[in-house]
Amino acid sequence: MVVYTQEHVYRHPWDRVTAAAWRKFTDPASRTALSHVADVHTLHRRLDSDTGRLHAARSITVRSPPLPFVLRRLLPSAASSPNGAALCHCVETSLVDAQRRAMDVVVRNVSLRGLIEVEERASYRPHPDRPDDWTQFRQETTIRCRPLAALAAVAEKVETRCAERFLQNSAKGREVVERICRYLEAESAGAAPSVI
């Protein structure tokens, strides 16, 4: 099992960063940076009128990195793929508490769980030193290669390779959120460009 944590400080207020995070997958200018994301759909949204909290769930389909030969043999879709990649379906659940300025996101894969389990937990909070100006982002990812657990060396190699790809994709996602934040900042100042 591989577990890693990343932290990032956005030098933008919480409301701008969370608005940008919601736009990350649907922004047309993000398609190149987030080319591993094949599809995103909102499954449900509910605003709790008593607490003011937003509960949401989205399905996200992503392309896996090229899989090792051993795993390709186990997945017909990866075996037939020209680069040995497979599609993985995930569910993202989000809880936004605007009053507390807290957003928590959990993403879990729902397909390929017989081979690999991935859970990503992210939080967006006002930065403790500059709560009105900056946002602290924290992400913890756990990757576990199930059937290869008995073959520790192979499982470790697969988990490490997946972790490397997740780290690369996380960096791309942060870059997209930063770009959208700059756009939203310019928009609020009345100087937004016509395209994000």
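Asp104 is partly exposed, with a relative accessible area of 28%. Keep in mind that this is a predicted model. Asp104 has a partner: Arg125 forms a salt bridge with Asp104, and their closest N and O atoms sit 3.0 Å apart. Arg125 belongs to strand β6 (residues 116-126) and Asp104 to strand β5 (residues 102-109), so this pair ties together parts that are 21 residues apart in sequence. Like its partner, Arg125 counts as partly exposed, at 26% relative accessibility.

What's going on in a pairing like this? Side chains of opposite charge can pair when their charged atoms come close. A search of the whole structure turns up twelve salt bridges. Here are three of them, including the one you just met.

| Pair | N to O distance |
|---|---|
| Arg125 and Asp104 | 3.0 Å |
| Glu92 and Arg58 | 2.7 Å |
| Glu185 and Arg16 | 3.8 Å |

Now look at the second row, where the side chains of Glu92 and Arg58 meet. Glu92 lies in strand β4 (residues 87-97) and Arg58 in strand β3 (residues 53-63), so their salt bridge ties together parts that are 34 residues apart in sequence. Are these two buried or exposed? Glu92 is buried, with a relative accessible area of 6%, and Arg58 also counts as buried, at 6% relative accessibility. The cut-off for buried is under 20%.

The third row joins two helices: the side chains of Glu185 and Arg16 meet in a salt bridge at 3.8 Å, N to O. Glu185 sits in helix α4 (residues 152-188) and Arg16 in helix α1 (residues 14-23), so the pair ties together parts that are 169 residues apart in sequence. Glu185 is partly exposed, with a relative accessible area of 37%, whereas Arg16 counts as buried at 17%.

Salt bridges can also link up into groups. Arg53, Asp97 and Arg100 are joined in a network of them.

Next, the nonpolar core. The largest one has 36 residues, and the members that touch the most others are Met103, Tyr124 and Ile143. Helix α4 provides the largest share of this core, with nine residues.

Tyr124 is worth zooming in on. Which residues does Tyr124 contact, leaving aside its neighbours within four places in sequence? The list includes Tyr10, Trp14, Val17, Thr18 and Ala21. Among the others are Arg101, Ala102, Met103 and Val105, along with Thr135, Gln136 and Phe137.

One of those contacts, Arg101, has something else to show you. Most residues other than glycine have a negative phi. Arg101, though, has a positive phi of about 55° although it is not a glycine. You'll find Arg101 in the loop between β4 and β5, and at 26% relative accessibility it counts as partly exposed. Leu112 also isn't a glycine, yet has a positive phi of about 65°. Its place is in the loop between β5 and β6.

Last stop: the largest pocket, which holds about 200 Å³ of space. Which residues line the largest pocket? They are Lys24, Phe25, Thr26, Asp27, Ser30, Arg31, Leu34, Ser35, Val37, Ala38, Asp39 and Val40. Sort that lining by class and you get five nonpolar, three polar and four charged residues.

Notes:
Residues numbered from 1 in each chain as written. Predicted model: local features only at pLDDT ≥ 70, side-chain atom pairs only at ≥ 80, totals over all residues. Heavy atoms only, no water. Salt bridge = Lys/Arg side-chain N within 4 Å of Asp/Glu carboxyl O. Helix = DSSP H or I, 4+ residues; strand = E, 2+ residues; numbered from the N terminus. Buried < 20%, exposed > 50% of the residue type's maximum accessible area, 1.4 Å probe, protein only. Core = buried A, V, L, I, M, F, W, Y, C linked by side-chain atoms within 4.5 Å. Contact = heavy atoms within 4.5 Å. 1 Å grid on protein atoms, 1.4 Å probe; cavity = no way out; pocket = protein on both sides within 12 Å on 5 of 7 lines; lining within 4 Å. Points joined across faces, edges and corners; volume = space filled by probe spheres on them. Nonpolar A, V, L, I, M, F, W, Y, C, P; charged D, E, K, R; others polar.
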